[in-house]
Amino acid sequence: MSTSRNNYNNPGVEGIPYFTPQHAISPGTPNPTNTATVPTLFKTLTIRGTTLRNRILVAPMCQYSTSAFGPETGALTDYHIATLGHYALKGAALVFIEATGVQPNGRISPNCPGLWSDAQIPALRRVSDFIKSQGAVSGIQLAHAGRKGSTAASWVTASKPGSKVSARAGADIGGWPENVVGPMGGEEWTWDGKASTDPQGGFWAPRALSEAEIQELVQDWAKAAVRAVKAGVDVIEIHAAHGYLIHQFLSPISNRRTDSYGGSFENRTRLLMEIIEAIRKVIPSTMPLFLRISATEWHESSELGRQFGSWDIDSSIRLAKLLPALGIDLLDVSSAGNNPQAKIPMHNSYQVSLAERIRASLRADNLDLLIGAVGLITEAEQARDILEEGGATRVAGNKVDAELDKEASAAVEMTEKKDGKEPMADVVLVARQFMREPEWVMRVAHKLGVDIAWPSQFLRVRFPKL
């Protein structure tokens, strides 16, 4: 007498040295049985050889959680698997590893990650592999802090009486006071304008990079990119925002060099151009390359801006039009960070509107460059409306009247049908909200009435269908 047996197999993800179940459907993607209209936010996006399962990306966020001493200096740890892996598990399309120094003195703090050594590859691979095992894409942001380097972890600073925006990290805690660098050198070039001996200051005085050191820096950026590829990372982002080294070179406020890396727009952008070209040469042609910039440093009306000029939205548009030919696939639009005297207009869409202006200018010239919007994106309807055609009709705040939500949703639906208007951005990058709510993707989908896949291990507790 023959018997039959059901084979209820629970397959694991291949290619990693431990067992983790293969999800039946990639979390964060609409279920095949979904009957609702799927908004752009939850549609896939293919960039070169990489496909994102939706348009919600986890922006790089400093965690100050790597070792400052010994052979594991700058190497990621299981903490990064626990945090970044959780965002991937809960449906984010692309998870970025935080700003990672291409040189030891390129870190923001002694506890920030680095990729200046092959010894740091295995730990990066472990984190990247887990992110990808959950159906997400892994990314890394390569950076150099420049004159904002060698500072202490943020919570250390905040714990001190009379806490400041930053605190200097001395050699005793792994800092490099004598090797903080920038376009310019001397005590007058500290980020906050306070001398290194001023107890109220939080930054070290930089020394000016020589042209030979700049060329070495470009090559170190390329070498870090090669290590990222070896570690299995899918996407690389160049950090040229928030007052870090590349931004320092871009801005006439922080760059008053008289050599080939200062003065004109062409000279101030030279370092960035050389880094882009160097990285594009050493990574696969199928690998997406992103760039984050501060679209403006908000110094148009400051005394410094009036005296020396500043990096503004027009500068960013001019730069953006050069990027497609260089091999940049997506421009991640942020703002500010290069000087504490900036005058930032803190309204709900202050950064999203910058992304929209850049995208519109590119489209007007028939240039193909994806645009990412970041900053103050914390509610489901706001994230959707940024991406939908006609999205400029509404960018919601954190709390919106329910009736207004209905009207705005109806307006978005109408513009989708009648069209004629471009979306404000192609993807949204979310940072702090993921720290508050790692399940943000699932909550957003539920609020929008989109039936998406959940992690297999969480199906028993998923939100009920609307």
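**Barrel and rings: a chat**

Mentor: Let's start with the fold: 8 strands, β3-β4-β5-β8-β9-β10-β11-β12, make a closed barrel with parallel pairing. Keep in mind that this is a predicted model, where local features need pLDDT of at least 70, side-chain atom pairs count only at pLDDT 80 or more, and totals for chains, interfaces and linings use all residues. Residues are numbered from 1 along each chain as its sequence is written, and side-chain values use heavy atoms, with hydrogens and water left out.

Trainee: How do you know that β11 and β12 pair?

Mentor: Two strands pair if DSSP finds at least two bridges between them. Strand β11 (residues 370–374) and strand β12 (residues 427–430) have 3 bridges, in the parallel sense, so they count as paired. For instance, V374 has L429 in β12 as its bridge partner. The strands themselves are DSSP runs (E, at least two residues), and helices are runs too (H or I, at least four), numbered from the N terminus.

Trainee: What makes Y64 and W155 an edge-to-face pair?

Mentor: Rings of Phe, Tyr and Trp (its six-membered ring) pair if their centres lie within 6.5 Å; planes under 30 degrees apart are stacked, over 60 edge-to-face, and the rest tilted. Y64 and W155 are 6.0 Å apart, centre to centre, with 80° between the planes, so edge-to-face it is. This pair links distant parts of the chain: Y64 is in the loop between β3 and α1, W155 is in helix α3, and they're 91 residues apart.

Trainee: Why is Y64 called buried?

Mentor: Buried means under 20% relative accessible area, exposed over 50%, and partly exposed in between (1.4 Å probe, protein chains only). Y64 has 16%, so it's buried.

Trainee: And why is the pair of W191 and F203 called tilted?

Mentor: Their centres are 5.0 Å apart and the planes make 50°, which is neither under 30 nor over 60, so the tilted label applies. Both sit in the loop between β6 and β7, so the pair ties together parts 12 residues apart in sequence. W191 is buried, at 9% relative accessible area, and F203 is buried as well, at 4%.

Trainee: How do you know that the charged end of K148 sits over the ring of Y244?

Mentor: The rule asks for NZ of Lys or CZ of Arg within 6 Å of the ring centre and within 35 degrees of the ring normal. The charged end of K148 is 4.7 Å from the centre of the Y244 ring. R256 does this over the ring of F308, at 3.5 Å from its centre.
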